[in-house]
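Work through the exercises below with the sequence and model open. Try each task before reading its solution.

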2 protein chains.
Amino acid sequence: MIDTGSFARLLCDWCLEVAEGQQVMIVSTMLAEPLIVALHDAVLERGAWPLLRLTPPELEERFYAAAGDPQLDSFPPLELAEVGSTDAWLRVRAPANTRALAGVDPERLRRVAATRAPITEARLRKRWSATIWPTAALAQEAGMSEREYELFVERALFLDRPDPVAAWRELGEQQEELVQLLSRAREVRIEADGTDLRLRVDGRRWINSDGKRNMPSGEVFTGPLEESATGTVRFTVPTASHGVDVEGVTLTFAGGEVVAARAERGEEYLKSALATDPGARRLGELGIGTNAGIDRSTGSTLLDEKIAGTVHLALGRSYPETGGTNASALHWDLICDLRDGGGLTVDGELLDLPGFSGL
Amino acid sequence: MIDTGSFARLLCDWCLEVAEGQQVMIVSTMLAEPLIVALHDAVLERGAWPLLRLTPPELEERFYAAAGDPQLDSFPPLELAEVGSTDAWLRVRAPANTRALAGVDPERLRRVAATRAPITEARLRKRWSATIWPTAALAQEAGMSEREYELFVERALFLDRPDPVAAWRELGEQQEELVQLLSRAREVRIEADGTDLRLRVDGRRWINSDGKRNMPSGEVFTGPLEESATGTVRFTVPTASHGVDVEGVTLTFAGGEVVAARAERGEEYLKSALATDPGARRLGELGIGTNAGIDRSTGSTLLDEKIAGTVHLALGRSYPETGGTNASALHWDLICDLRDGGGLTVDGELLDLPGFSGL
């Protein structure tokens, strides 16, 4: 099994920087028990308070089955209040079934996401991190045995390195050079088979995502200018947002807005997502993956979007720290693999990065 | 397995009276998962919000191992704040090991109980209930197989009756007659082998405990006059408070205060409990058990104190609704079995109740 002590140290000291007296909220399912217990101890040892929010893994599905209209269109006030008084917040993804929400009407998912937007926004204003705990369901989604998947997660999180915190610091330093280069850029062009998309990024801030928020991370990202996206992009990595398979998405943009959208699979879900609100038809994020420990897609966006040699674009909400201004209840990352042909051009110059094959 | 739908209905409709829009906090360990899932659904179906606070069962023990001084002498502010905005609150006892705290220094337990008194007090001012979910550890404590213990719990909670809510209502009506009788009483005298204790109860309110708070219940109780307890009482039912066995406790009272205390087993724990604060040396409760579904002691105070034919006295905090004024961080129930000889005399008249053998 993964060394939970080492994992908990990485989360407390690198990701959340837990300090004395803080209230640290930890959200997960009961399946993450070994990590949760180690985190509980580690947070206490740092003089802080662990506040656990564990649920049976089947609860999200059951919520959609049992909830009536008032519950789809509101939320318990206490949930918003507690985000306000929390110092740090960690979500540990540990599903029992990655397709648990596949049968839920997308309109109900959309309603709940829109209703709960104030909670989501409040959380993003706090110190937060999101990570993953290897479960049988995630291994199955990745097409691996559980032991094989555990080893994969260890490599993705640098838990196989002698000093994981030092390894993340080092990747952060490498990414800082990339951020410096991109901060001078005006236009980014993504080219691959079926893809030619131009985005303006001048005046926006590039973020060095060094594992403090997403663990694992390994990406730099920004919010592109909201009206700049022009051209077509084909996302070659499948996603399973809320348990619905969506594959072969092609989006065409004009003036920053989606003007044509199709999917080889899951097109209904795609259309419903685009209809969430006006901001859902615009891009909130452009990211470039740099994590060499993640060598294949496993059906989990949190990891797939970090693969060295991929870029990703998110429909919907932008992260305010990038200078992006797109508002939406949606934030849906779609990934374009450039490892087997394709490239990123910055103001006419091809980026030379590990993993990217070039044009 | 216990019918979790029927159990959840009893808790929602009889105990907590869950109403639309309420926030209902549910505190337990992960071992109670089947009941928690049923409760989650039942609370939602009543238009209310379930707020789950589930922990790995080993966490309480680990808290005492990992906590430093600041954590023993304070609590996370969010925990007090959330009690304030909760409408109803349910604790489901579901331990993995009833002796998990046996090795913890009683002084540390005392410190934490004293520190957290404001949270405890705030909870008691809310609508609250406490119940039990049969685990292997509770069956072991009771000396039963798991299946045998489940059947025992079903009988104790009237879940074996065609209509559990109606059965509790009926017991409540029978208890109401006893409350009427006791409300006119001035003195209660408990007599048994080694026991002769007199308590004044005039001016105090007797409470009809009909399962709305403790589930199972089946008792009537009051707070005796704080300076009235006089004489000696021998508690014949063992307790395992915080996992420490305490047996054969004999307490002698003068002017309401414990003036001599000994235990055949666990005397150190007893002395430490009495030293919690000044209120810990006085009685906060006198209760009379009436539950005929509980036919033997099983090492769980919540159930043992309800056995028809027993009386119990609590050292420490009184319930304000009785008119009792004793303040303490302690509330420790000790039980005296009168089924095999002994009786309760009210103003000189022997009470004739089911289970009591008489003098």
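Two strands pair if DSSP finds at least two bridges between them. Helices (H or I, at least four residues) and strands (E, at least two) are DSSP runs, numbered from the N terminus. This is a predicted model: local features need pLDDT of at least 70, side-chain atom pairs count only at pLDDT 80 or more, and totals for chains, interfaces and linings use all residues. Residues are numbered from 1 along each chain as its sequence is written, and chains are lettered from A and ligands numbered from 1 in the order in which they are written.

**Exercise 1. The hairpin**

Task: Describe the hairpin that S5(B) and S6(B) form, and its turn.

Solution. Start with the pairing. S5(B) and strand S6 (residues 195-200) of chain B are antiparallel, with 6 bridges. B:Ile190 has B:Leu197 of S6(B) as its bridge partner. Now the turn. The hairpin has 2 residues between its strands. B:Gly194 lies in that turn, with a positive phi of about 85°.

**Exercise 2. Two faces of one strand**

Task: Which side chains of strand S5 (residues 187-192) of chain B point to the buried face?

Solution. Recall the rule: in a regular strand the side chains alternate between the two faces of the sheet. A residue is buried if 20 or more other C-beta atoms lie within 10 Å of its own, exposed if 12 or fewer, and partly exposed in between; C-beta atoms are placed from the backbone. B:Val188, B:Ile190 and B:Ala192 point to one face and are buried. B:Glu187, B:Arg189 and B:Glu191 point to the other and are not buried.

**Exercise 3. The sheet**

Task: In what order do the 7 strands of the open sheet in chain B run, and which stand at the edges?

Solution. The order is S13-S12-S9-S6-S5-S17-S18, with antiparallel pairing. Strand S13 (257-262) and strand S18 (349-350) of chain B are the edges. Each has a single partner strand, so one side of each lacks a neighbour in the sheet. Next, follow the bridges. S5(B) joins S17(B) through 4 bridges, antiparallel. B:Arg189 has B:Thr345 of S17(B) as its bridge partner. Strand S17 (residues 343-346) of chain B then pairs with S18(B) over 2 bridges, again antiparallel. There B:Thr345 stands opposite B:Leu350.

**Exercise 4. Two helices**

Task: How do helix H1 (residues 4-15) and helix H10 (residues 164-183) of chain B cross?

Solution. Axes are lines fitted to C-alpha atoms, for helices over the stretch in contact, and angles run from 0 to 180 degrees between N-to-C directions. The two axes come within 9 Å and cross at roughly 45°. That makes H1(B) oblique to H10(B) (under 35 degrees is roughly parallel, over 145 roughly antiparallel, 65 to 115 roughly perpendicular, the rest oblique). For the contact (C-beta atoms, placed from the backbone, within 7 Å), H1(B) supplies B:Ser6, B:Leu10, B:Asp13 and B:Trp14. H10(B) supplies B:Pro164, B:Val165 and B:Trp168.

**Exercise 5. The interface**

Task: How many residues of chain A are in contact with chain B, and which helix of chain A gives the most?

Solution. Count the residues: 32 of chain A contact 32 of chain B. H2(A) gives the most to this side of chain A, with 7 residues. By class, the side has 18 nonpolar, 8 polar and 6 charged residues. Here Ala, Val, Leu, Ile, Met, Phe, Trp, Tyr, Cys and Pro count as nonpolar, Asp, Glu, Lys and Arg as charged, and the others, Gly among them, as polar.

**Exercise 6. Chain A overall**

Task: What are the helix and strand counts and the C-alpha span of chain A?

Solution. Chain A has 12 helices and 18 strands. Its C-alpha trace spans about 50 × 50 × 40 Å along the principal axes. Buried residues make up 46% of its 359 residues.

How values were computed: Two residues are in contact if their C-beta atoms, placed from the backbone, lie within 7 Å.
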